[in-house]
Amino acid sequence: MAQGKSVLISGASFAGLATAYWMRRLGYKVTVVEAAPALKRGGTPVNIKDATVDVVRRMGLFEQIESHRIIKTLTEFSGPEHVEARFRDEKDGEGMPGDVDYEIERDVLLRLMYDTVEGHVEFVFNDGIRSMREDDAGMSVSFEKGSDRRFDLVFGCDGIHSNVRSLWFGPEKDYAHFLGAYGAVTIVDRLLLPEGTSNMHGEDGRFVSVNTYNGKTDIIQLFASKDELDVDWRDKDRQRRIVLDRFATMEGPITALLAEVERAENFYFGPITQILMPAWTKGRVALVGDAGYCASPAAGKGGSLALDGAAALADAFEQYGGEYAAAFAAYDEGFRPYLEDVQAGAVGFCRQVLGAAR
């Protein structure tokens with residue numbers, strides 16, 4: 001199908017690695033360029049559920065994901081007026097009704113995916129795309145450090161602040177939509193609750209989730225904000241102070257955890273934002289994952305959407321025999337209904353749980 005054609009993928013996270021896997025399976029010569037010097041580590045676990053389970057089965061990853069699965073033994077939900085607890089049995093995996101969820105540490109899944117393409121795909125770390133030019137025969141790409149090269153297609157899999165999107169589709173401000181909320185993630189390298197526990201509490205436009213797994217604790221905090229904040233994204237101390245101030249008067253489990261948020265090294269803060277685009281493809285360039293359709297952390301599907309989107313793109317290429325224009329159109333049209341449902345769910349969460357206005 002590919003007849004020796006080559007593709008360039010920008011970004012070596014879930015979207016990039018999944019796209020590399022499928023394009024290589026389709027016979028393309030694949031190069032992945034990543035701005036970081038190595039795979040980016042850290043972050044919260046990934047939930048593999050619903051259609052994504054079938055995707056990882058097709059990739060040959062399901063058994064490994066299942067063997068590394070995080071088991072939750074107790075999940076507690078609380079609010080100002082009630083407390084509800086549900087249990088998951090560690091032996092048979094049963095949890096809340098209808099729930100089929102294989103949660104896995106982000107770094108573990110990233111390594112599993114990297115292993116599927118290592119040795120079969122060219123990786124160029126510590127570099128990035130400077131410019132691109134399209135002609136009838138393909139794409140001419142200039143890099144920040146490496147020599148200029150030619151490719152048949154380019155895939156932007158480089159996250160919510162995608163360089164490929166900015167270069168080819170326009171500035172981020174044209175596509176980024178603030179959902180009226182901010183979020184913070186603090187990762188503590190020890191247990192603050194019993195192993196396998198999730199404790200969630202919502203109150204007065206604020207939500208906190210504390211999750212323990214494999215000897216670690218994630219503290220996830222979300223809060224409504226009518227306006228976008230004027231924040232220096234390099235000033236972590238200021239970001240922490242914003243979060244601490246917002247949650248200082250909240251009842252429930254967060255009270256004893258604010259000291260951990262204040263001193264933890266692994267702390268991330270940012271707006272809850274979606275990327276909304278009328279099309280994820282233009283010419284010989286396509287976007288996959290957060291670069292094209294970030295649903296925001298409120299959706300809880302960042303990693304799985306990347307896997308789903310890469311598989312949808314590959315299915316379109318297979319359906320149209322590698323004719324990229326037809327495949328891109330099918331990808332744009334076919335994956336959009338599911339994506340829009342996920343994005344609508346994230347908006348609904350922000351409105352219902354946080355009272356966000358947007």
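**Notebook: Gly289, the cores and the rings**

I began with Gly289, which touches Ala15, Cys294 and Ala306 once residues up to four places away in sequence are left out. I was working with a predicted model, and in it I found Gly289 in the loop between strand S18 (285–287) and helix H8 (290–293). I then looked up its exposure: with a relative accessible area of 2%, Gly289 is buried. I also noted that Ile160, 129 residues from Gly289 in sequence, lies 8.4 Å from Gly289 in space, C-alpha to C-alpha.

Next I turned to the nonpolar cores. The largest has 79 residues, of which Ile48, Phe155 and Phe317 touch the most other members. Helix H9 (residues 302–319) gives the most to this core, contributing 10 residues. I also recorded a second, separate core of 20 residues, with Tyr182, Phe223, Met250 and Leu257 among them.

My search for aromatic pairs over the whole structure gave 22. I looked more closely at Trp280 and Phe335, whose ring centres are 6.1 Å apart and whose planes meet at 65°, so I entered the pair as edge-to-face. The two are 55 residues apart, with Trp280 in the loop between strands S16 (266–275) and S17 (281–282) and Phe335 in the loop between helices H10 (324–334) and H11 (336–354). Trp280 is buried at 1% relative accessible area, and Phe335 also counts as buried, at 8%. Arg336 lies over the face of Trp280, 4.1 Å from the ring centre.

Elsewhere I noted a cluster in which ring pairs link Phe178, Tyr182, Phe223, Trp233, Phe247 and Phe269. Finally, I found the charged end of Lys282 over the ring of Phe169, 5.7 Å from its centre.

Key. Residues are numbered from 1 along each chain as its sequence is written. This is a predicted model: local features need pLDDT of at least 70, side-chain atom pairs count only at pLDDT 80 or more; totals for chains, interfaces and linings use all residues. Side-chain values use heavy atoms; hydrogens and water are left out. A nonpolar core is a set of buried Ala, Val, Leu, Ile, Met, Phe, Trp, Tyr and Cys residues joined through side-chain atoms within 4.5 Å. Buried means under 20% relative accessible area, exposed over 50%, partly exposed in between (1.4 Å probe, protein chains only). Helices (H or I, at least four residues) and strands (E, at least two) are DSSP runs, numbered from the N terminus. Contact means heavy atoms within 4.5 Å. Rings of Phe, Tyr and Trp (its six-membered ring) pair if their centres lie within 6.5 Å; planes under 30 degrees apart count as stacked, over 60 as edge-to-face and the rest as tilted. A charge sits over a ring if NZ of Lys or CZ of Arg is within 6 Å of the ring centre and within 35 degrees of the ring normal.
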